[in-house]
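I opened my notebook to look at aromatic side chains and the nonpolar surface. Here is what I looked up, entry by entry.

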Amino acid sequence: MLKFVKHHMESITGIEIYPLISLIIFFSFFVILGWWVITAKKDYITKVSNIPLDNQNQSEL
């Protein structure tokens, strides 16, 4: 089954650039996400992580 799809994709001209573009997009996304996680302030992370707990307390009142 895979060889039919593989040979069909080879017949399309200019298709070899799409895997490279998708690799660059995904790699860039994860590098930027990793950079944001490393440089995020601890106060912001603590504040955001406590939001679900704060909403439960307010809905009970």
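**Entry 1, Trp36 and its partner.** I began with Trp36, keeping in mind that this is a predicted model. Trp36 has a relative accessible area of 43% and is partly exposed. I then looked up Tyr44, which is also partly exposed, at 46% relative accessibility.

**Entry 2, the aromatic pairs.** How many aromatic pairs are there? I find two. One of them joins Phe29 and Phe30 in an edge-to-face arrangement, with 5.2 Å centre to centre and 75° between the planes. Phe29 is partly exposed at 48%, while Phe30 reaches 55% and counts as exposed, because the cut-off for exposed is over 50%. Trp36 and Tyr44 also pair, with ring centres 6.4 Å apart and planes at 85°. I note that pair as edge-to-face because its angle is over 60 degrees.

**Entry 3, the nonpolar patch.** Next I turned to the surface. Which residues make the nonpolar surface patch? I wrote down Phe26, Phe29, Phe30, Leu33, Trp35, Trp36, Val37, Tyr44, Ile45, Val48 and Ile51, which together make a patch of about 1,200 Å². Both ring pairs I noted earlier, Phe29 with Phe30 and Trp36 with Tyr44, have their residues on that list.

**Entry 4, where the patch comes from.** The elements giving two or more residues to the patch are α2 (17-39) and α3 (42-49). Which element gives the most? That is α2, with seven residues. From helix α3 I picked out Ile45, and at 39% relative accessibility I have Ile45 down as partly exposed.

Terms used
Residues numbered from 1 in each chain as written. Predicted model: local features only at pLDDT ≥ 70, side-chain atom pairs only at ≥ 80, totals over all residues. Heavy atoms only, no water. Phe/Tyr/Trp six-rings, centres within 6.5 Å; stacked < 30°, edge-to-face > 60°. Buried < 20%, exposed > 50% of the residue type's maximum accessible area, 1.4 Å probe, protein only. Patch = residues over 30% accessible without salt bridge, like charges linked within 9 Å, V, L, I, M, F, W, Y side chains within 5 Å. Areas by Shrake-Rupley, 256 points an atom, 1.4 Å probe, with all protein chains shown as cover. Salt bridge = Lys/Arg side-chain N within 4 Å of Asp/Glu carboxyl O.
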